[in-house]
Amino acid sequence: MSTPPEPAPARLRAIPSRLLAGSALVADRLVGERLAAEGAHKWHFAVLLTLAEAGPASQAELSRRTGIHRSDMVAVLNELADTDCVRRDPDPADRRRNVITLTAAGRRRLARLDALIREAQDELLAPLTPDERDELTRLLATLADHHGPAHPGPDRTP
């Protein structure tokens with residue numbers, strides 16, 4: 001029988017950056033596990049959500065909007081295209097590039113992944129009341145806005 005770990009010293013438990021980092025690790029694990037069980041990952045979700053909210057886009061545009069590096073975006077789009085979640089069509093304005101469009105299958109996939117993300121958020125934030133969850137989200141958004149894009153991408157600086 002193992003003994004439970006001793007709590008970290010109070011001063012360590014009071015450092016906001018340490019608390020954020022630890023919570024981020026848990027959040028990433030919870031989301032990653034749920035999405036992986038569906039054969040997906042967070043980049044699939046990011047691309048599908050971006051297309052659903054902003055409409056068709058080029059690969060470069062999706063890279064900028066999601067923070068996914070351009071070289072990784074190709075693999076993500078290949079995976080999504082293989083499952084008929086997105087369609088690539090030549091851009092009528094520039095036939096050298098493709099326009100990526102969300103399909104009906106992609107919308108259904110996004111709805112399923114969205115439900116999984118919500119479940120992960122509920123587990124992560126379980127000890128908080130709805131008002132506390134809203135306040136935490138507002139505070140984190142304030143920090144994120146102040147410090148620039150969460151994922152600046154390869155050709156942008158924060």
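From the N terminus on, the elements of this protein run α-α-β-α-α-β-β-α-α. Colour the chain by secondary structure and you can tick off six helices and three strands. Keep in mind on this tour that the model is predicted.

**The whole chain**

Zoom out first. Along the principal axes, the C-alpha atoms fill a box of roughly 60 × 35 × 30 Å. If you colour by burial, 23% of the 158 residues count as buried. Now turn to contacts between residues at least 6 apart in sequence: 52% of these join residues at least 24 apart.

**The sheet**

Next, select residues 57-58, 86-91 and 94-102. These are strand 1, strand 2 and strand 3. In which order do the three strands lie in the sheet? The order is 1-3-2, in an open sheet with antiparallel pairing. Strand 1 and strand 2 form the edges, each pairing on one side only.

Stay with strand 2 and strand 3 for a moment. A hairpin of two residues joins them, and their antiparallel pairing runs over six bridges. To follow the register, show V86, which stands opposite L102 of strand 3. Then pick D89, whose bridge partner in strand 3 is V99.

Now move to the other edge. Strand 1 pairs with strand 3 in the antiparallel sense over two bridges. Select A57 here and you will find I100 of strand 3 opposite.

**Helix 2 on the sheet**

With the sheet still displayed, add residues 42-54, which are helix 2. What does helix 2 touch as it packs on the sheet? Helix 2 touches strand 1, strand 2 and strand 3, and its direction makes about 95° with that of strand 3.

**Helix 2 and helix 3**

Keep helix 2 and add helix 3, residues 59-66. The two axes come within 10 Å and cross at roughly 105°. That angle falls within 65 to 115 degrees, so helix 2 and helix 3 count as roughly perpendicular to each other. For the contact itself, show the side chains of A46, V47, T50, L51 and A54 on helix 2, with L62, R65 and T66 on helix 3. Colour them by class and you get five nonpolar, two polar and one charged residues.

**Helix 2 and helix 4**

Swap helix 3 for helix 4, residues 70-82. How do the axes of helix 2 and helix 4 cross? They come within 10 Å and cross at roughly 80°, and the two helices are therefore roughly perpendicular to each other. From helix 2, select W43, H44, V47 and L48; they meet D72, M73, V76, L77, E79 and L80 of helix 4. By class, this contact has seven nonpolar, one polar and two charged residues. While you are here, linger on V47: this residue takes part in the contact with helix 3 and also in the one with helix 4.

**Helix 6**

For the last stop, select residues 130-146, which make up helix 6. Try the distance tool between its end C-alpha atoms, which are 24 Å apart. Why does that value fit? At 1.5 Å a residue, the 17 residues of the helix should span 24 Å, so the two figures agree. Finally, step past the end of helix 6 to G148, where phi is positive, near 95°.

How values were computed. Residues are numbered from 1 along each chain as its sequence is written. This is a predicted model: local features need pLDDT of at least 70, side-chain atom pairs count only at pLDDT 80 or more; totals for chains, interfaces and linings use all residues. Side-chain values use heavy atoms; hydrogens and water are left out. Two strands pair if DSSP finds at least two bridges between them. Helices (H or I, at least four residues) and strands (E, at least two) are DSSP runs, numbered from the N terminus. Contact means heavy atoms within 4.5 Å. Axes are lines fitted to C-alpha atoms, for helices over the stretch in contact, and angles run from 0 to 180 degrees between N-to-C directions. Angles under 35 degrees count as roughly parallel, over 145 as roughly antiparallel, 65 to 115 as roughly perpendicular and the rest as oblique. Ala, Val, Leu, Ile, Met, Phe, Trp, Tyr, Cys and Pro count as nonpolar, Asp, Glu, Lys and Arg as charged, and the others, Gly among them, as polar. The expected span of a helix is 1.5 Å times one less than its number of residues. Buried means under 20% relative accessible area, exposed over 50%, partly exposed in between (1.4 Å probe, protein chains only).
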